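Please look at the chain below with its sequence alongside. The questions after it ask on what grounds certain terms are applied.

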Amino acid sequence: MDLSAPANGAKITLASDSLSVPVPPELMIGEGAKFAAVAVKTANVSTSQTVRLTATYRGVTQTTMLTVVPTPTPALTSLTIAPTQTTGGLNVTGTLSLSEAAPAGGLDVPLLYSTAAVRVPTTLRVGVGMKSASFMFTTTAVNTTTVAQVTATLNGAQRTATLTVSPVVVVSPWRDYEIWIDGSITLEGRQVATKITWSLPSIMNWAHVNTTGDTSALMLLYAYFTGPSISGNSVTFSGINPLGYFQNLRGAGGGFLKSGTLTLTASGSSVGTTVTGNLEFSTETKTFTSAFTGRIVASDRIR
């Protein structure tokens with residue numbers, strides 16, 4: 001108003017020529033004031049519209065034009081995965097981004113995956129007013145390196161992210177270490193204290209089994225098991241050095257060793273780790289078998 005509103009205020013009549021911009025029928029300007037504000041909430045439109053708004057007081061009408069445009073439709077801009085390489089069984093985070101904020105009620109975006117190596121949610125919700133959303137999903141164990149694709153689809157458009165899933169790498173406690181083990185075996189019904197020394201790689205690549213420190217059982221084994229083969233947390237020796245011998249002061253079967261195998265299993269190479277296994281050896285006249293139990297008493301990394 002050019003002049004201040006009179007006593008008791010001024011009642012302004014408001015009008016709009018479109019339902020897309022609804023206005024209250026009246027606006028009161030307080031006594032002595034020249035203006036007042038009114039909040040107008042536009043409706044969603046499918047095409048641009050120019051709306052005429054009028055305010056009338058004492059036969060005088062003022063007009064203004066307001067252009068209402070459609071709310072931009074959100075479009076997919078990107079789908080990313082971090083990290084892009086992982087080991088099967090670990091969690092990975094995906095992030096989806098939109099060109100515009102999600103409308104009222106949020107926006108559901110379907111997700112697809114190309115292989116059973118990944119498990120993603122079937123739908124990702126982007127919250128109202130948000131332009132992105134993240135999701136965590138789990139990979140599964142694989143036997144070979146697998147390339148997985150995750151795809152998001154919205155309004156006919158797609159975005160795809162790629163993830164490489166690798167098998168779990170088993171680090172053998174038997175490789176690149178020199179290990180000393182104290183334990184025991186059972187021969188002819190008697191428990192015999194046993195020491196095993198092992199190193200790989202080394203010049204000879206053998207495991208030395210020695211019970212000569214325990215004379216109470218009257219059975220002495222001094223052997224070199226050869227031909228190591230590592231599989232995960234286990235190592236198997238498929239041969240034996242013929243210079244080894246077994247002495248049985250309680251019975252028969254003594255003599256130089258003709259054949260033998262030794263298998264050891266441990267979860268790690270650190271001192272105190274439990275070691276289990278089995279050994280078998282033969283002399284000219286008899287074959288002996290026994291389980292082995294012990295612990296690592298010393299361990300040195302050799303490369």
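What follows takes one residue, its strand and then the whole chain in turn.

This is a predicted model, in which local features need pLDDT of at least 70 and side-chain atom pairs count only at pLDDT 80 or more, while totals for chains, interfaces and linings use all residues. Residues are numbered from 1 along each chain as its sequence is written, and side-chain values use heavy atoms, with hydrogens and water left out.

Q: Why is Asn248 called buried?
A: Buried means under 20% relative accessible area, exposed over 50%, and partly exposed in between, with a 1.4 Å probe and protein chains only. Asn248 has 8% relative accessibility and therefore counts as buried.

Q: What makes the approach of the Asn248 side chain to the backbone nitrogen of Gly251 a polar contact?
A: A polar contact is a pair of N or O atoms within 3.5 Å; within protein, one must be able to donate a hydrogen and the other to accept it, and residues adjacent in sequence count only if both atoms are side-chain atoms. The side chain of Asn248 reaches that nitrogen of Gly251 at 3.2 Å, and a polar atom of this side chain also lies 2.9 Å from the backbone oxygen of Ala252.

Q: Which residues does Asn248 touch beyond four places away in sequence?
A: With contact meaning heavy atoms within 4.5 Å, Asn248 touches Glu188, Leu218, Met219 and Gly254.

Q: Where does Asn248 sit, and how do the side chains around it point?
A: Asn248 is in strand S19, residues 245–248, where strands are DSSP runs of E with at least two residues, numbered from the N terminus. Side chains alternate along S19: Phe246 and Asn248 point to one face and are buried, whereas Tyr245 and Gln247 point to the other and are not.

Q: How do you know that S19 pairs with S17 and with S20?
A: Two strands pair if DSSP finds at least two bridges between them. Strand S17 (residues 219–231) is joined to S19 by four bridges and runs antiparallel to it, with Leu220 having Gln247 as bridge partner. S19 and strand S20 (residues 255–256) are antiparallel over two bridges, one partnership being Phe246 with Gly255.

Q: What is the radius of gyration of the chain, set against a compact globule of 303 residues?
A: The radius is taken over C-alpha atoms, and the globule rule is 2.2 Å times the number of residues to the power 0.38. A compact globule of 303 residues would have a value near 19 Å, but the chain has 41 Å.
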